[in-house]
Amino acid sequence: MSELLPVADGRAVRRYARSLARRHPGDLRRVVALHALAALAGLAGPWLLGDLVQSVEQGTTLGHVDEVVGWLAVALVAQGLLTYFARYASTVLGEKALAELREDFVKNSLALPVGTVERAGTGDLLTRASRDVDQLGWSLRYAVPETLIALITTVLTVVACLFVGWWVAVPLLLGVPMLWAGTHWYIRRAQPAYLAEHASYGAISAVLAETVEGARTVEALGLQRARRDRTGAAVAESARCERRTLFLRTVWFPTVELGYLVPTVCTLLVGGALFARGDVDLGAVTAATLYVQQLIDPLDRLISWLDELQIAGTSLARLLGVAHVPDDRTPTGRRPDDEHLEAQGVRFSYVDGRDVLHGVDLDLRVGERLAVVGPSGAGKSTLGRLLAGIHPPRVGTVTVGDVGLTELPLDELRGHVALVTQEHHVFVGTVRDNLVMALDEPFSGSASWSAKLDRRLWGALDAVDALGWAEELPAGLDTTIGSGGHVLTPAQAQQLALARLVLADPHTLVLDEATSLLDPRSARHLERSLAAVVDGRTVVAIAHRLFSAHDADRVAVVEDGVVAEVGPHDDLIESGGSYAELWRSWHGEPTRT
Amino acid sequence: MREFPFADPGVPDVRSPARFVWWLAARQWRTLVGGMFFGVVWMLAQAVMPALIGRAIDEGVAGGDTRALLGWAGALLVAGLVQAAAGVIRHRFAVANWLTASYRVIQLVGGRSAYVGAALPQQLSTGEVVSVGSSDLPHFGNVMDVTGRMAGAVVSFVVVAFILLDTSRTLGLVVLVGLPLLLVLIAPLLHPLQTRTMAQRERTGHLNSLATDIVGGLRVLRGIGGEQVFHARYARESQQVRDSGVRVGRMQSLLDALQVLLPGVFVVVVVWLSARSAVRGEITPGELVALYGYAAFLMLPLRTATEFANKAIRALVAARRFCTVWAVQPALTDPANPVDLPMTATLVDPESGLVVPPGRLTAVVTDNPDQGALIADRLGRYVDSSVTYGAVTLRAAARTQVRERILVSDASATVFAGPLRTAVDPWGRAAQYELSRALTAASAEDLLEALPEGWDSVVEERGRSLSGGQRQRVVLARALVAEPDVLVLVEPTSAVDAHTEARVAAGLAAHRKGRTTVVTTSSPLLLDRVDEVAFVVDGRVAATGTHHQLLQTDRRYRRAVTREDD
């Protein structure tokens with residue numbers, strides 16, 4: 001349906017894992033050492049038992065038994081303590097790594113080209129941010145340490161087996177082909193199967209999110225059944241993916257079980273034969289059998305966690321994939337020498353082969369107020385986004401002070417030009433949270449600083465005529481708004497967005513229908529008070545309400561993706577072009593005052 | 001495995017989180033029992049292995065009897081094969097159990113969200129609802145998944161205890177009393193673990209809603225450059241989640257260590273007792289090995305029991321969140337005995353004094369746009385009011401009937417993802433010519449040219465791939481296709497240009513000819529086309545008449561619609 005965000009390849013995932021290890025070398029060494037010691041303590045059991053069996057068979061005293069069992073107890077206590085510290089150390093490391101990972105992920109998501117996110121849809125990014133982060137969290141908390149422990153225990157147990165006698169290598173090697181073949185078959189098929197499974201859960205979240213956010217529409221139109229069917233379809237797709245991975249495991253698990261069974265049985269048989277020839281004693285046969293049997297546990301955990309690691313790898317690949325979206329910005333380090341914004345020969349398309357803009361030229365004078373008008377779908381908003389440097393033009397240039405907008409890093413770009421659209425998104429958080437995001441200065445905790453900040457925030461709200469309702473909010477600037485919080489009307493949300501713009505204070509402001517949700521009189525009043533605050537700044541106001549155009553220094557008419565005419569209001573009316581026609585259609589009422 | 005999705009996921013018991021989990025389990029008792037049966041076989045096959053190894057060492061190795069050795073080794077092989085076969089069947093049951101519970105929860109949440117409707121976004125954030133269907137989901141599946149192994153753990157524990165009792169009364173009693181005692185010792189740790197896990201979940205949920213905001217707000221952030229501040233806020237909360245994760249981890253590590261230590265004490269005691277018996281010649285070396293094997297095996301049931309407890313706790317935490325979502329009620333309740341609405345009648349809002357005559361196009365002009373939306377909410381009964389339709393107050397009718405008859409289409413109307421055809425006709429009931437007619441009336445035919453595949457072009461979630469004006473016209477076309485008895489449109493042309501607005505005004509009037517329609521607007525182009533205008537000041541109808549009459553007679557009206565200052 002939509003174009004999903006990219007997924008990192010195996011090399012990138014391994015590179016990330018290595019860089020993670022390099023970033024926390026001390027923590028990692030401590031974790032490995034503690035787990036190794038805990039595993040060593042766990043190996044004392046069969047060894048001491050072999051000794052017991054041997055001595056019982058040869059006749060021994062109760063005192064010797066007590067002594068051996070005493071050592072067993074010491075090993076146990078050591079294992080318990082070491083386990084605690086080892087687990088705790090891995091939790092601390094895991095949480096640290098996890099926090100880094102999700103913060104990196106959010107950072108990368110925030111740098112994504114807007115078009116890419118919109119094409120991928122909410123579900124994909126949302127699932128990555130919730131389910132994949134959670135999955136990875138679970139893996140880092142459990143799968144990674146468990147695998148590490150299992151690996152260490154397996155290696156040490158094999159060493160212990162060989163310590164009992166070289167002959168134990170024979171039964172152990174017999175199990176290897178089955179384990180290897182089965183696991184190899186499985187691992188090769190598992191990655192794409194699990195990727196599809198994850199994507200299917202992403203689709204489920206997307207459908208659910210749409211139902212929740214559009215709940216009022218669902219109710220108004222009686223779409224309950226349609227939404228239930230959509231959820232059902234997403235579930236059916238997920239079930240299909242689950243069946244595929246289940247099939248893979250159904251083949252894989254039994255082969256692995258056989259891989260464990262054969263060595264245990266063979267150790268008994270080989271040991272029995274060697275004992276009969278007098279080559280080994282009973283203690284050795286006992287210890288060897290117990291070790292081989294004891295090997296099953298870590299080996300099984302190792303192999304079954306491989307599965308989990310595979311899933312974790314998929315999640316990690318999806319999280320890291322976000323960083324692989326080709327950037328549509330190429331910072332060159334060039335600095336604009338003035339605030340002169342200019343578009344030359346700009347062409348742009350969202351879908352290949354369907355240009356929305358067909359060669360737009362626009363030269364903005366510093367400090368002027370330009371109104372952009374034109375019919376819906378003519379490309380006004382697209383032009384606004386290009387003038388704000390959100391998309392790079394396909395052909396042509398948009399420059400500020402002769403530097404391309406997409407050559408500037410994002411944080412620098414916003415000092416030059418900012419954009420407010422008719423979209424009235426309110427972020428989850430307090431009113432303050434919603435406003436301060438426009439400020440790019442460091443935070444200071446001091447009381448005088450925050451009092452000063454609050455005065456600025458109130459000032460910005462005042463500049464957009466929002467003081468009235470803002471002062472009546474239950475907790476003032478600390479009122480929680482956004483999804484689940486105090487509900488703002490679309491008009492209030494628009495005022496909030498404009499207050500943000502006032503705080504950001506860029507040299508050029510692009511307003512795309514930024515007051516369309518306010519009633520006409522309030523909108524006009526707001527535009528005038530805003531104009532007073534941003535006096536001297538360049539303003540590009542995209543509007544379908546012509547009074548905005550009337551108040552502007554110049555008007556640009558966009559039609560069919562080109563600037564059809566540009567000039568002061570009166571000149572355009574006089575020239576009798578399409579603006580004049582539009583104006584007449586707007587004010588063509590016989591009873592106009 | 002059964003077919004998914006469920007035709008009907010059922011009505012959950014939400015009197016408490018535990019009852020909900022129990023209800024889920026009862027719905028899938030057959031696969032749960034299947035999973036338990038094979039879980040028992042699987043674990044018993046493992047439980048007998050120490051005995052087989054002990055006999056092999058005693059009779060085969062120490063006794064020097066090759067045939068006995070081969071015999072016992074063969075028995076071990078058979079037990080292993082049984083374990084492998086039962087293991088894979090158990091796994092298939094476990095997955096079926098996992099999926100059954102998870103998909104049921106998804107369908108319940110999805111269905112409930114659709115049912116509650118308008119009240120849902122006001123009471124819960126999207127993130128909270130969606131996380132029940134995404135990150136909470138595994139917890140419902142996990143608890144069902146573990147039941148099979150839990151059953152195996154209980155049965156094999158009892159069997160091993162009786163084998164031990166048969167070997168030595170002391171040893172048997174040690175096991176029978178000792179193992180439950182261990183569980184009791186571990187249990188007190190589970191409560192703080194639950195509290196900490198809940199705190200962590202809550203924080204994680206909040207962190208997820210922040211991340212959700214990225215998608216919705218990225219365009220806004222990109223315009224204004226708030227990325228860094230937003231990231232700093234996310235990082236701050238992420239660190240809090242990390243802290244609570246470490247707190248959970250500390251408790252978990254303690255639990256893990258005790259899971260090694262406590263059963264270990266048990267192994268030591270069993271080995272000590274049986275080694276002394278062996279020295280006294282009461283048991284053979286092989287039996288000593290078997291007893292050690294049993295004691296070591298019992299760690300598996302114990303581990304499974306704590307895993308079960310752990311997963312049950314997580315499921316309860318998730319169930320609590322499910323119950324919160326389920327508890328959200330539609331804003332208005334239906335009357336006990338709903339009255340049928342008349343077919344066509346006059347719609348009256350006593351609060352504002354607005355009278356909407358049947359079969360006519362009425363415009364509502366307000367001095368304050370929020371008032372327009374409020375009146376629309378009352379007319380469509382999104383808020384409680386004493387609005388009447390003919391002789392019936394809407395309050396006395398069923399909510400679904402009100403929705404069928406009176407459609408309110410406002411600025412917050414969502415366009416759902418899917419082909420344009422479905423976006424305009426989500427019910428799939430209109431004929432092609434009706435769709436085309438509605439699209440033309442909404443002056444949205446240009447969409448068919450702009451979109452690559454015409455009616456089959458996919459519109460992205462919430463109509464994101466459309467411009468504001470395009471989205472608004474799709475919403476309008478959809479409202480026209482719905483053909484409601486009464487159509488209430490809130491500012492239907494706020495995002496389109498003057499040319500288009502004029503065409504929409506003509507199209508709307510023609511399409512709704514003879515049907516009851518209310519439009520809140522202040523656009524002269526639209527007002528010029530309506531049958532009657534009601535001018536509302538301070539929430540009350542101050543004047544009525546045609547647009548031209550009001551323009552001539554009412555100064556305040558003139559000011560409101562011509563956006564001129566005096």
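Q: Across the interface of domain 1 of chain A and domain 2 of chain A, how many residue pairs are in polar contact?

A: A polar contact is a pair of N or O atoms within 3.5 Å; within protein, one must be able to donate a hydrogen and the other to accept it, and residues adjacent in sequence count only if both atoms are side-chain atoms. Between domain 1 of chain A and domain 2 of chain A, the rule finds 0 such residue pairs (both at pLDDT 80 or more). By class, the side of domain 1 of chain A that touches domain 2 of chain A has 1 nonpolar, 1 polar and 2 charged residues; Ala, Val, Leu, Ile, Met, Phe, Trp, Tyr, Cys and Pro count as nonpolar, Asp, Glu, Lys and Arg as charged, and the others, Gly among them, as polar. This is a predicted model, in which local features need pLDDT of at least 70, side-chain atom pairs count only at pLDDT 80 or more, and totals for chains, interfaces and linings use all residues. Residues are numbered from 1 along each chain as its sequence is written, chains are lettered from A and ligands numbered from 1 in the order in which they are written, and side-chain values use heavy atoms, with hydrogens and water left out.

Q: What area is buried between domain 1 of chain A and domain 2 of chain A?

A: Buried area is the accessible area (1.4 Å probe) that two parts lose on being put together, summed over both. For these two domains it is about 250 Å², of which carbon and sulfur atoms give 51%. The domains span 10-324 and 341-586, with bounds from an automatic or database domain assignment, and their centres, taken over C-alpha atoms, are 52 Å apart.

Q: How many salt bridges does the rule find across the interface of chain A and chain B?

A: A salt bridge is a side-chain nitrogen of Lys or Arg within 4 Å of a carboxyl oxygen of Asp or Glu. The interface of chain A and chain B has 8; one of the salt bridges between these chains joins A:Glu219 and B:Arg399, with the closest N and O atoms 2.9 Å apart. Chain A and chain B bury about 14900 Å² between them, 66% of it on carbon and sulfur atoms.

Q: Is A:Glu242 buried or exposed?

A: Buried means under 20% relative accessible area, exposed over 50%, partly exposed in between (1.4 Å probe, protein chains only). With a relative accessible area of 7%, A:Glu242 is buried. Its side chain makes a polar contact with the side chain of A:Tyr201 (2.8 Å).
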